Amino acid sequence: MRLRLALAYDGSAYCGWQLQAGQISQPTIQGAVETALFTLLRQPVRVHGAGRTDSGVHALCQVAHCDVPERDWDWRKRLNCVLPADIRVLAAERAEAAFHARKDAIAKTYIYRFWQESAFVAPELRNYVWQCGPLSVRAIDCGLDAFAGCHDFASFQNAGTDVKSTVREIIDIRLAESQVSEWLPPHLPMLTLSVTGSGFLKQMVRNMAGFIAAIGKRKLDWSDLPQILAKKSRAALPVATAPARGLFLAQVRYGEAGALR
């Protein structure tokens, strides 16, 4: 039967989602889930994820599928008993035989967290935020919608993956402020960037986050974006890729037939 999984994980200790060819010793999320399934079934099972999160990137809800023997099991409970503690199965259910976690996805949402307080970062957050320093929310908000719609994002793609097209559609993008804890000393609010798109290029959201941080520090202006996009080259983007630790795959959306119940 085809099993559909909703997974959450802390990517800090992993070299991303995908198994690395010829590098069996490098831990990956896919590898850990496949090992857990082998432990339960004593046979190899290939797991397919909706998104290939990079090394150090986390997930609030990654969707995956695999084909397993028919069992009257509580798959969530059994898998969570053998998975590492930094990977959890949130839901496990039978899927239609034709369901494909990646190919059937119609949109994904990523979030990126900026920690503005230069004086400290709370220890429990250090692996899950980019301590970038103060940013001007007003400067960011005034042009954030420039990313919305269909654009050629070649300038926001890092090398390493061959794709037929670098055109992607950003369906929704927004920035929100939040106070992390009332128990911390007074601090600048954490900023969370949420980006929903039909698909994403390699490290595209992290490059968008780097560009947005440069806007917030007034090192770049939104008027620079059209020229950067037009050059269709990562060399045209004059910022470093934002650290992986601030990025989370938050949601994968499917059409009605493939919606998670």
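Let me start with cysteine 66, whose sulfur lies 15 Å from the closest cysteine sulfur, the one in cysteine 61, and that is too far for a bond. What we are looking at is a predicted model, and the cysteine distances I quote are taken from it. As a reminder, a disulfide is a covalent bond between the sulfur atoms of two cysteines. Cysteine 66 counts as buried, because its relative accessibility is 1%. Cysteine 132 is likewise in no disulfide, since the nearest cysteine sulfur, that of cysteine 142, is 17 Å away while a disulfide needs the two sulfur atoms within 2.5 Å. Cysteine 132 has a relative accessibility of 10% and so also counts as buried. For the structure as a whole, the count of disulfides comes to zero.

Let me turn to the charged side chains. How many salt bridges does the structure hold? There are seven salt bridges, and I will go through some of them, beginning at strand E1.

Arginine 2 forms a salt bridge with aspartate 67, and the closest N and O atoms of that pair are 2.7 Å apart. Arginine 2 belongs to strand E1, which covers residues 2-9, whereas aspartate 67 belongs to strand E3, residues 58-67, so that this pair links parts of the chain 65 residues apart. The two partners are not equally covered: arginine 2 is buried, with a relative accessible area of 16%, while aspartate 67 is partly exposed, at 43%.

Strand E1 also holds arginine 4, whose side chain meets that of glutamate 93 in a salt bridge, again 2.7 Å from N to O. Glutamate 93 sits in strand E4, residues 87-94, and the two partners are 89 residues apart. Here arginine 4 is buried, with a relative accessible area of 5%, and glutamate 93, at 13% relative accessibility, counts as buried too.

Another salt bridge joins arginine 46 and glutamate 34, at 2.7 Å from N to O. Arginine 46 is in the loop between helix H1 (29-41) and strand E2 (47-49), glutamate 34 is in helix H1 itself, and twelve residues separate them. In this pair arginine 46 is partly exposed, with a relative accessible area of 49%, whereas glutamate 34 is buried, at 11%.

Some arginines meet rings instead. The charged end of arginine 78 sits over the ring of tryptophan 73, 4.2 Å from its centre, and arginine 113 lies over the face of phenylalanine 248, at 4.4 Å from the ring centre.

That brings me to the aromatic rings, for which the count comes to 15 aromatic pairs. How do the rings of tyrosine 110 and phenylalanine 200 meet, stacked or edge-to-face? Their centres are 5.1 Å apart and their planes stand at 85 degrees, so the pair is edge-to-face. Tyrosine 110 lies in strand E5 (residues 105-115) and phenylalanine 200 in the loop between strand E9 (190-197) and helix H4 (204-216), so the pair ties together parts that are 90 residues apart in sequence. Both tyrosine 110 and phenylalanine 200 are buried.

The rings of tyrosine 112 and phenylalanine 114 have their centres 5.2 Å apart, with planes at 55 degrees, and the pair is therefore tilted. Tyrosine 112 counts as buried at 0% relative accessibility, and phenylalanine 114 is buried with a relative accessible area of 1%.

Finally, there is one aromatic cluster to find on the screen, formed by Phe147, Phe153, Phe156, Phe211 and Trp222.

Technical notes:
Residues are numbered from 1 along each chain as its sequence is written. This is a predicted model: local features need pLDDT of at least 70, side-chain atom pairs count only at pLDDT 80 or more; totals for chains, interfaces and linings use all residues. Side-chain values use heavy atoms; hydrogens and water are left out. Rings of Phe, Tyr and Trp (its six-membered ring) pair if their centres lie within 6.5 Å; planes under 30 degrees apart count as stacked, over 60 as edge-to-face and the rest as tilted. Helices (H or I, at least four residues) and strands (E, at least two) are DSSP runs, numbered from the N terminus. Buried means under 20% relative accessible area, exposed over 50%, partly exposed in between (1.4 Å probe, protein chains only). A charge sits over a ring if NZ of Lys or CZ of Arg is within 6 Å of the ring centre and within 35 degrees of the ring normal. A salt bridge is a side-chain nitrogen of Lys or Arg within 4 Å of a carboxyl oxygen of Asp or Glu.
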